[in-house]
Amino acid sequence: MKKTILFLAAIFIATQLFSQPEIIDGYVFVPEGETVSKVEENKQLSKTIFDRMNVHRNNINIKSFIWSENWYESAKIWSKFLSDNDVWYHNTTEKYRNIYGRKEMIVSVSLPIDAQLDFTMIGDSAVGQWIRSCKHVGGLEMPLRTKNKKRGPLRYNNAVIPGQLYSKYTAISAHVVYFQTYKRIVIVWQGGPFNKLYNYTDGANLDSK
């Protein structure tokens, strides 16, 4: 059977930062013509990936992101959209674009259909892809937003961009997408400065909140 290579790709997008898809090392062979047979959201898996993200942050002396149910519900909408439609791009809907300080990273992990869902392994694989990507590691390792540190430099694509909003409240939603011979875990991380998903208002000052 003719086969194509499905690359594990990760993309990072933040306010005023946009990127093209980047190929990350690692791939699985996927037969052509496979279709989505079932999609399941798994909150326990989502929280495990989130915890593994914070384990990495803590290991390099960066404070943990704080889980937000609001951001989880937002991430879940986009993760489900990507999964149901078997597509791969960022949330560019007007409603999401207008959320204050929103940030998003997406990544996938693919496994044979009969492989066990090892939550920790999946989380470490996702985090590892972000670590190895010069366009994503800055988002993974950004300082936690605090009262005295609301914005600052952010690493992106081997450069440092000043004056970027930091995130405090974030969440992950992971959907397991079943094909005929393999399954793909679609992972969406979203976050921002606040627990609530504030809509954009001209002239508003984020640093005053």
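**Close-up views of a predicted model**

**View 1. Phenylalanine 50 and tryptophan 67 meet ring to ring.** Both phenylalanine 50 and tryptophan 67 are buried, where buried means under 20% relative accessible area, exposed over 50% and partly exposed in between, with a 1.4 Å probe and protein chains only. This is a predicted model, in which local features need pLDDT of at least 70 and side-chain atom pairs count only at pLDDT 80 or more, while totals for chains, interfaces and linings use all residues. Residues are numbered from 1 along each chain as its sequence is written, and side-chain values use heavy atoms, with hydrogens and water left out. The structure holds 8 aromatic pairs; rings of Phe, Tyr and Trp (its six-membered ring) pair if their centres lie within 6.5 Å, and planes under 30 degrees apart count as stacked, over 60 as edge-to-face and the rest as tilted. Phenylalanine 50 and tryptophan 67 make one of these pairs, edge-to-face, with 5.1 Å centre to centre and 85 degrees between the planes. The pair links distant parts of the chain, 17 residues apart: phenylalanine 50 belongs to helix α1 (residues 43–59) and tryptophan 67 to strand β4 (residues 66–67). Helices (H or I, at least four residues) and strands (E, at least two) are DSSP runs, numbered from the N terminus.

**View 2. Tyrosine 72 joins the cluster.** Tryptophan 67 also pairs with tyrosine 72, this time tilted, at 5.4 Å centre to centre and 35 degrees between the planes. Both of these residues, tryptophan 67 and tyrosine 72, are buried. Ring pairs thus tie Phe50, Trp67 and Tyr72 into a cluster.

**View 3. Two charged side chains sit over rings.** Here a charge counts as over a ring if NZ of Lys or CZ of Arg is within 6 Å of the ring centre and within 35 degrees of the ring normal. The charged end of arginine 57 sits over phenylalanine 65, 3.6 Å from the ring centre. Lysine 38 lies over the face of tyrosine 178, with 4.7 Å to the ring centre.

**View 4. Strands β6 and β7 form a hairpin.** Strand β6 (residues 151–156) and strand β7 (residues 159–165) run antiparallel and are joined by 5 bridges; two strands pair if DSSP finds at least two bridges between them. Glycine 152 stands opposite glutamine 164 in β7. The hairpin has 2 residues between its strands, and asparagine 157 in the turn has a positive phi of about 55 degrees.

**View 5. The whole chain, for orientation.** The secondary structure comes to 5 helices and 9 strands. Of the 209 residues in the chain, 49% are buried.
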